[in-house]
Amino acid sequence: MSDVRARLSTLWIVVMFTMLYADVLSFLDAGFLRGLMAGHAEGVPITPLLLVGSAVMVEIPIVMVVLSRVLKPAVARRVTLVAVPLTAAFIIGGGSVKPHYLVLAAVEVVCLAVILRQAWRMDTSPAVSRPAG
């Protein structure tokens with residue numbers, strides 16, 4: 001069981017760093033930076049509500065790194081089945097059509113699909129303790 005937990009946690013780390021790197025690369029685009037300085041990101045006005053919503057959505061993979069390891073398997077499965085589609089919606093809906101973003105978003109979505117499959121197939125039956133000796 002711990003192998004599955006470690007794998008899920010590691011995949012969430014990959015998703016988290018890939019999301020971060022997509023943003024870092026976007027900051028290297030002069031047009032994108034000019035838009036940010038003018039108060040919008042690719043035509044979307046940057047508001048406090050947008051920033052809070054984005055912070056919450058980016059926090060999901062960060063929290064899932066830990067929750068994948070500490071939650072009971074049945075709970076971890078349910079939480080993962082909610083976290084994956086929310087994260088995928090954020091990646092797809094809040095993304096860009098620039099080539100670097102499309103490549104990194106594809107990696108993120110593949111990782112999320114593997115996370116979903118691993119969580120779905122995870123053994124959630126209670127462990128049977130065996131008497132010593």
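The legends below describe a predicted model, taken as a whole and then in close-up views.

Residue numbers start from 1 along each chain as its sequence is written, and side-chain values rest on heavy atoms, with hydrogens and water left out. In this predicted model, local features need pLDDT of at least 70 and side-chain atom pairs count only at pLDDT 80 or more, whereas totals for chains, interfaces and linings use all residues.

**Figure 1. The whole chain has 5 helices and 2 strands.** From the N terminus on, the order of elements is α-α-β-β-α-α-α. Helices (H or I, at least four residues) and strands (E, at least two) are DSSP runs, numbered from the N terminus. The C-alpha atoms fill a box of roughly 70 × 30 × 20 Å along the principal axes. The radius of gyration of the chain is 18 Å, while a compact globule of 133 residues would have one near 14 Å; the radius is taken over C-alpha atoms, and the globule rule is 2.2 Å times the number of residues to the power 0.38. Of the 133 residues, 29% count as buried. Buried means under 20% relative accessible area, exposed over 50%, and partly exposed in between (1.4 Å probe, protein chains only). The accessible surface comes to about 8400 Å², with 72% of it belonging to carbon and sulfur atoms. Accessible areas come from the Shrake-Rupley method with a 1.4 Å probe, and for residues only the protein chains shown count as cover. Among contacts (heavy atoms within 4.5 Å) between residues at least 6 apart in sequence, 78% join residues at least 24 apart.

**Figure 2. Asp 3 and Arg 7 form a salt bridge in helix α1.** The N to O distance between these side chains is 3.1 Å. A salt bridge is a side-chain nitrogen of Lys or Arg within 4 Å of a carboxyl oxygen of Asp or Glu; by this rule the count comes to 2. The two residues are 4 apart, about one turn of the helix. An α-helix has 3.6 residues a turn, so residues three or four places apart point the same way. Asp 3 is exposed at 52% relative accessible area, and Arg 7 is partly exposed at 35%.

**Figure 3. Lys 98 and Asp 29 form a salt bridge between two loops.** Their side chains meet at 3.4 Å, N to O. Lys 98 lies in the loop between α4 (73-93) and α5 (99-121) and Asp 29 in the loop between α1 and α2 (30-37), so the pair ties together parts that are 69 residues apart in sequence. Lys 98 is partly exposed, with a relative accessible area of 27%, and Asp 29 is partly exposed with 27%.

**Figure 4. A nonpolar surface patch includes Tyr 21 of helix α1.** Phe 17, Leu 20, Tyr 21 and Val 24 make this patch of about 400 Å². Patches are made of residues with over 30% relative accessible area and no salt bridge: like charges are joined within 9 Å, nonpolar side chains (Val, Leu, Ile, Met, Phe, Trp, Tyr) within 5 Å. Tyr 21 is partly exposed at 46%, and helix α1 covers residues 2-27.

**Figure 5. Helix α4 has buried residues, among them Pro 73 and Ile 91.** The others are Ala 76, Thr 80, Ala 83, Val 84, Thr 87 and Ala 88. The end C-alpha atoms of α4 are 30 Å apart, which agrees with the 30 Å that its 21 residues should span; the expected span is 1.5 Å times one less than the number of residues.
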